[in-house]
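Here's a quick tour of how some helices and strands fit together. Have a look at the model first, then read on.

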Amino acid sequence: MSKLQILVVEDDAPVRNLITTTLKAHDYRFMVAANGADAVMEAASRNPDIILLDLGLPDMDGVEVIQRVRSWSHMPIIVISARSEDNDKIDALDAGADDYLTKPFSVEELLARLRVTQRRLALMQAGAGSQAVFVNGCLRIDYASGCAYLGEEEMHLTPIEYRLLCLLAQNTGKVLTHKFITQSVWGSSWENDVGSLRVYMATLRKKLEKPSGSPQYIQTHVGIGYRMVRVGL
Ligand code: CA
């Protein structure tokens, strides 16, 4: 893959240095911003491939940075926040962030998140979201006929399970919050019904990951939401 350019937004110098040292060692290009205003300016003027964004910035909330960038760009955004800030993470994901890292994080975690995002970027550029058939490992969704298959076998899904599966598939690689999923599938009246969502997700996963040893297609992010991952790559 060609050298990606990462915009690192972090006001904490030691954390920023850890990130940039890691990026340099792994052949990424990078630029830095230490506050929200610079982050928005750099994102607009230099068009990075991915933004790594600390949520606690001195001049503005990281969520505001996301909202501003999202008003004109779909560039992937990975947010960085402390463990105690789960609600901030959820707000950031709902504002359009793609993924998150929790402080303190390891170099391996940072690189793993970047690889996931890089694959998502490649899919976005290939226009994967607009294709008629979705394929991930053994899973195949034929949007025109409204059928999903595991290998040769058609999956027997309820309408809600099928909609959940399509939503996750169309956002492969992105963490979707409970609120985003329930609003997309049921509309706003279900906004807070995380309990029902959990039940539907459990039955969907049972069907999807049925043969023991089959790959895990759906990741659970406790307290936050779900993500479909690329398997077999
Ligand atoms: Ca900070």
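The crossing of α2 and α3 is right-handed (the near helix is turned clockwise from the far one by less than a right angle). This is a predicted model, where local features need pLDDT of at least 70, side-chain atom pairs count only at pLDDT 80 or more, and totals for chains, interfaces and linings use all residues. Residues are numbered from 1 along each chain as its sequence is written, and side-chain values use heavy atoms, with hydrogens and water left out.

Back to the helix pair: the axes (lines fitted to C-alpha atoms over the stretch in contact, with angles from 0 to 180 degrees between N-to-C directions) of α2 (residues 36–46) and α3 (residues 62–70) come within 10 Å and cross at roughly 20°. That makes the two helices roughly parallel (under 35 degrees). On the α2 side, G36, A39, V40 and A43 make the contact (heavy atoms within 4.5 Å), and on the α3 side V65, R68 and V69 do.

Now the strands, which are DSSP E runs of at least two residues, while helices are H or I runs of at least four. Two strands pair if DSSP finds at least two bridges between them.

| Strand pair | Sense | Bridges | Opposite residues |
|---|---|---|---|
| β4 (residues 77–82) and β5 | parallel | 5 bridges | I80 and L101 |
| β6 and β7 (residues 139–142) | antiparallel | 4 bridges | F134 and I141 |

In β5 (residues 99–103), 4 of the 5 residues are buried (under 20% relative accessible area, 1.4 Å probe, protein chains only), so the strand is largely enclosed by the rest of the structure.

An open sheet of 4 strands runs β6-β7-β8-β9 with antiparallel pairing. At its edges stand β6 (133–136) and β9 (153–154), each with a single partner strand, so one side of each has no neighbour in the sheet.

Technical notes. Angles under 35 degrees count as roughly parallel, over 145 as roughly antiparallel, 65 to 115 as roughly perpendicular and the rest as oblique. Buried means under 20% relative accessible area, exposed over 50%, partly exposed in between (1.4 Å probe, protein chains only).
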